[in-house]
There are 2 protein chains.
Amino acid sequence: MDVTEPAPPPTRAASKSAQTRQRILDAAAEVLSRKGYAGTRLSDVAAAAGVQAPAIYYYFASRDELVEEVMWVGAHRVRLHVEERLAAVPEDASPMDRLLVAVDAHLRYELQLSDYATASVRNAGHVPEQLRVRPAAEEALYSRLWRDLFVAAQQAGQVRADLDINIFRLLLLGAMNWVVEWWNPRTRSLDELVATAQGMVRHGAGVA
Amino acid sequence: MDVTEPAPPPTRAASKSAQTRQRILDAAAEVLSRKGYAGTRLSDVAAAAGVQAPAIYYYFASRDELVEEVMWVGAHRVRLHVEERLAAVPEDASPMDRLLVAVDAHLRYELQLSDYATASVRNAGHVPEQLRVRPAAEEALYSRLWRDLFVAAQQAGQVRADLDINIFRLLLLGAMNWVVEWWNPRTRSLDELVATAQGMVRHGAGVA
DNA sequence: GCACGATTCTAAGCCAGATTAGAGAATCTC
DNA sequence: GAGATTCTCTAATCTGGCTTAGAATCGTGC
């Protein structure tokens with residue numbers, strides 16, 4: 001609630017308290033990513049975090065505040081991850097190369113690394129309006145990142161000039177986001193998925 | 001609940017009763033498509049249908065049964081619509097042409113014609129397990145339809161031989177389904193969307 | 001070992017919203 | 001137009017699940 005954290009005690013590395021808060025948040029992300037907003041019981045989250053439900057209220061003002069935080073963290077981290085991966089791309093890489101790296105980073109993060117990202121994506125359109133404000137700001141930044149990647153690629157002549165890159169971008173993000181609805185790591189390889197999605201961009205948007 | 005309908009009375013064209021049932025179902029589809037499973041109140045549905053909430057129970061055994069029916073109808077109708085459009089394609093059309101018609105049909109139906117389809121797509125992953133059984137059967141049929149389209153196109157040499165058409169198909173359906181999350185008919189033209197999605201297939205999957 | 005804040009627990013409280021009961025209106029049958 | 005049936009309403013009831021109260025426990029500084 002407050003902008004200031006509850007005055008972290010002498011703040012040793014990771015106080016027990018902070019760890020518990022983290023455990024609750026992680027549990028919420030996990031349950032939310034699996035069961036969705038409607039199906040997420042505070043009691044499930046508590047169980048997964050190894051506490052009783054009321055303990056959650058020591059760290060979060062309400063169920064919705066907890067959910068909002070998960071959503072925001074999810075959106076935020078995906079963006080950071082993709083930005084980091086892009087920052088590591090060699091100077092001489094082409095705009096199209098950067099686009100393909102972004103596809104790779106987005107998919108791998110969403111599927112392997114983060115319940116938060118999955119929770120964020122799956123529930124974005126299903127939580128009450130008020131919970132969308134803060135996460136939406138993150139998503140706007142993320143959208144811009146992708147827009148810039150596409151603009152650069154199109155200006156460099158690596159994306160067809162007649163392509164509507166706004167629509168294409170939204171379709172692509174949709175394709176990648178929807179993956180969380182069907183992906184099963186046991187039946188398919190992540191590498192193949194990434195390669196296919198990259199092909200969708202390289203051929204679908206790239207110049208012949 | 002029973003397999004047999006409640007013994008349709010002398011069954012004139014559309015009895016008043018059937019109309020009311022229909023109105024409730026339509027209302028449910030509309031609310032579900034807009035607010036999602038979690039946000040759909042039976043009272044909202046009732047209001048939209050112009051009845052009091054308990055009246056719903058005369059036609060449906062429970063909230064969940066109502067939701068299930070909407071989901072099933074949505075999945076069913078999309079499939080029928082796409083099948084109809086495909087049936088109307090000239091004999092001499094190529095497999096790729098048929099694929100593009102399917103893209104067109106799917107998008108237009110989902111965005112213009114049917115709250116049921118939108119409700120079905122948006123909530124598929126958010127309703128409790130038990131509600132997914134019947135709709136899932138429909139979706140399986142629909143999946144097969146698309147698989148067949150892709151197989152035919154690949155065998156005809158119109159889709160790159162090295163493309164994993166299963167993954168590509170799922171990505172494409174995801175891109176199209178996710179459209180309901182961002183589409184705003186006031187800011188973009190449906191024609192452009194369809195054209196861009198078709199381009200994604202023609203270039204993304206098609207032979208160079 | 002004691003005092004005190006931080007943390008977590010058990011036991012209620014509380015309420016939105018689904019569902020049921022049962023009375024009343026509408027419609028149909030003859 | 002009386003009686004039966006279908007349909008819809010008002011007025012409860014019921015319940016899951018969020019939330020609050022307040023007591024117990026834990027940890028730490030002195």
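**View 1. Arg134(A) and its partner Glu68(A).** In this predicted model, Arg134(A) is partly exposed, with a relative accessibility of 35%. Glu68(A), on the other hand, is buried, and its relative accessible area is 18%. The two residues form a salt bridge, with 3.7 Å between the closest N and O atoms. Look for Glu68(A) in helix H4 (residues 63–87) and for Arg134(A) in helix H7 (residues 133–155); the pair links distant parts of chain A, 66 residues apart. Side chains of opposite charge can pair when their charged atoms come close.

**View 2. A salt bridge between helices H5 and H9 of chain A.** Here Arg108(A) meets Asp191(A) in a salt bridge, and their closest N and O atoms are 3.0 Å apart. Arg108(A) sits in helix H5 (residues 95–113) and Asp191(A) in helix H9 (residues 190–204), so this pair ties together parts of chain A that are 83 residues apart in sequence. Arg108(A) has a relative accessible area of 21%, and the cut-off for buried is under 20%, so Arg108(A) counts as partly exposed. Widen the view a little and a network of salt bridges appears, linking Arg85(A), Asp104(A), Arg108(A) and Asp191(A).

**View 3. Arg160(B) and Asp162(B), a pair within chain B.** These two residues form a salt bridge, the closest N and O atoms lying 3.6 Å apart. Is each partner buried or exposed? Arg160(B) counts as buried at 15% relative accessibility, whereas Asp162(B) is exposed at 65%. Over all chains, the structure holds 26 salt bridges.

**View 4. Where chain B meets chain A.** At this interface, 33 residues of chain A are in contact with 33 residues of chain B. Together the two chains bury about 3,100 Å², and carbon and sulfur atoms account for 71% of that area. Three residues to find are His126(B), Leu171(B) and Trp178(B), which supply 24% of the area that chain B buries against chain A, more than any other three residues. How many salt bridges join chain B and chain A? The count is zero.

**View 5. Chain A as the setting for the first two views.** Chain A has nine helices and zero strands. Its C-alpha atoms fill a box of roughly 60 × 40 × 30 Å along the principal axes. Of the 208 residues in chain A, 50% are buried. The chain carries 23 positive and 26 negative charges, and the mean positions of these two sets are 4 Å apart.

Notes. Residues numbered from 1 in each chain as written. Chains lettered and ligands numbered in written order. Predicted model: local features only at pLDDT ≥ 70, side-chain atom pairs only at ≥ 80, totals over all residues. Heavy atoms only, no water. Helix = DSSP H or I, 4+ residues; strand = E, 2+ residues; numbered from the N terminus. Buried < 20%, exposed > 50% of the residue type's maximum accessible area, 1.4 Å probe, protein only. Lys, Arg positive; Asp, Glu negative; His and termini not counted. Charge placed at Lys NZ, Arg CZ, Asp CG, Glu CD. Contact = heavy atoms within 4.5 Å. Buried area = accessible area lost by both parts, 1.4 Å probe. Salt bridge = Lys/Arg side-chain N within 4 Å of Asp/Glu carboxyl O.
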